[in-house]
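Colleague: I am new to reading protein models, and I would love a close look at one single part of this one. Could you pick a residue and walk me through its surroundings, starting from the whole?

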Amino acid sequence: MPFGSVQWVPMTQPSELGQMSFDADDETVLGFVGTRQMAPWMGEWGQFSFQPSVGEGIPPCDILARGLRQDRDKAVYSPCYSRTVLGGMTVECAATAHAAIYRLTFPEGQVPRVVLDASRDYRLKPFLKVTFAENVAPGGARIEPGANRVRLWNRDIVDQCRSPRLPHFKAHQTVVFSEPFVSFGTFVGGEGRDEAGYRRAEVTPDSRTCEADRAGAYVTFAPSARGPKTVYLRLGVSLIGEREALDNLEREIPGCDFEAVRAAGRAAWNRQLSAIEIATPRADVRTVFYTALYHALLMPREITENGR
C-alpha cells in the first residue's frame with residue numbers, strides 16, 4: 001500500500017545495518033517480514049517476521065536453520081501482490097496500510113507449521129563499537145488458541161546504539177489464523193550461537209507466553225488428506241497498543257477475502273502511479289521512471305492509526 005505503515009516482503013537475509021531484508025537474487029527465504037527499514041544505512045524498527053514450513057514435530061526456530069530454497073521462476077513481486085514458492089508451499093500476500101493477509105497453500109498430507117518472531121538479536125557490527133547488550137531489545141509473544149490468535153510485541157530499534165533513546169517505543173502485531181492450532185509453543189534465545197553469530201532458540205512446547213530479547217512462538221495445523229491445504233494468516237500492526245493492532249486488522253481486513261484485498265491494493269497503487277504520465281516510446285525509460293515513482297511512494301511511513 002502506498003506509504004503503508006510497514007512493507008511486507010520475503011526475508012532473504014535478516015535486516016541489519018548495512019543490509020536490507022530482501023534481495024531478489026537470493027535463493028533462500030528465511031521468512032516473511034513486515035519491515036519499516038528505509039535504506040541499508042538506516043536501522044530496522046518494530047519489525048515482525050514469520051516462516052511457514054511443513055513437517056512433523058517442532059519447526060526449526062533458528063533464523064538461518066529454517067531457510068528454504070525458493071523457485072524464482074514462479075515468483076511474482078508487484079506493488080499490490082507477491083507470490084513465493086518454496087519447500088512445496090505457495091505463499092501469497094496482499095496488504096493494506098496497517099494490515100496484511102497471507103494465503104498459505106501447503107501440500108497434501110504434510111503438517112503445516114508457522115514460526116513467528118516477536119524480537120530477535122543481531123550480529124554485532126565491529127564499526128559500531130557497541131556491546132551486545134546495547135544492540136538488543138525486549139519482545140514477547142502470547143498464544144491464544146481459542147481465538148486462533150498470536151499477539152506479539154517488541155521494542156526493537158536496530159540502530160538504537162547510535163540514535164536517541166525512545167523509552168516508550170513499542171510495536172505490536174496481532175496474527176489471526178483461519179484454522180485452529182493442533183500444537184503450539186514459544187521460544188527464547190539461548191546461550192549457543194550458530195556459525196553466523198545468531199543465538200540459537202530454546203523452545204518450550206505447550207507454552208503460551210514468553211518475554212525475552214529474542215522471543216517468538218510457533219503453531220501447527222492439521223494436514224489435509226484431500227488436496228492442498230490453505231491457511232489464511234491475517235496480521236494487524238500498531239505503534240499505539242495491542243488492542244489497536246487487532247482493531248486495525250478488523251477494520252482493514254475483517255475476513256479472509258484475499259482477492260478483495262489484492263484488488264483494493266491494485267486500485268490504490270494505480271491511482272498513485274497513474275498521476276503522472278510520460279510520453280516516450282522506450283519501454284526501458286518507462287520502467288525506470290515508474291520504478292522510481294514506486295520507490296517514492298513507499299515513504300514516509302504512515303504512523304497514524306484511525307485518526308490517532
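Modeller: Happy to! Let us begin with the whole protein, whose secondary structure comes to 3 helices and 18 strands. Keep in mind that this is a predicted model. Its average pLDDT is 87, and 90% of the residues score at least 70. Residues 126-134 are a stretch to read with care: the pLDDT there is below 50, and the model gives this stretch 12 contacts beyond near neighbours in sequence.

Of the 308 residues, 51% count as buried. Among the contacts with a separation of 6 or more, 67% are between residues 24 or more positions apart. The accessible surface comes to about 13,800 Å², and carbon and sulfur atoms hold 53% of that.

Now for our close look, at K229. This lysine lies in strand β18. Is K229 buried or exposed? K229 counts as buried because its relative accessibility is 13%, and the cut-off for buried is under 20%. Leaving out residues up to four places away in sequence, K229 touches L104, T105, F106, P112, E179, A222, P223 and S224. One of these neighbours, E179, also meets K229 through a polar contact between the two side chains, at 3.5 Å.

The strand that holds K229 has another role in the picture. Strand β18 spans residues 229-238 and is among the elements that cover the buried residues of helix α1, together with β9 (99-106), β12 (149-154) and β13 (171-177). Helix α1 runs over residues 242-252, and its buried residues include E244, A245, L246, N248 and L249.

How values were computed. Residues are numbered from 1 along each chain as its sequence is written. This is a predicted model: local features need pLDDT of at least 70, side-chain atom pairs count only at pLDDT 80 or more; totals for chains, interfaces and linings use all residues. Side-chain values use heavy atoms; hydrogens and water are left out. Helices (H or I, at least four residues) and strands (E, at least two) are DSSP runs, numbered from the N terminus. Buried means under 20% relative accessible area, exposed over 50%, partly exposed in between (1.4 Å probe, protein chains only). Contact means heavy atoms within 4.5 Å. Accessible areas come from the Shrake-Rupley method with a 1.4 Å probe; for residues, only the protein chains shown count as cover. pLDDT is the predictor's confidence in each residue, from 0 to 100. A polar contact is a pair of N or O atoms within 3.5 Å; within protein, one must be able to donate a hydrogen and the other to accept it, and residues adjacent in sequence count only if both atoms are side-chain atoms.
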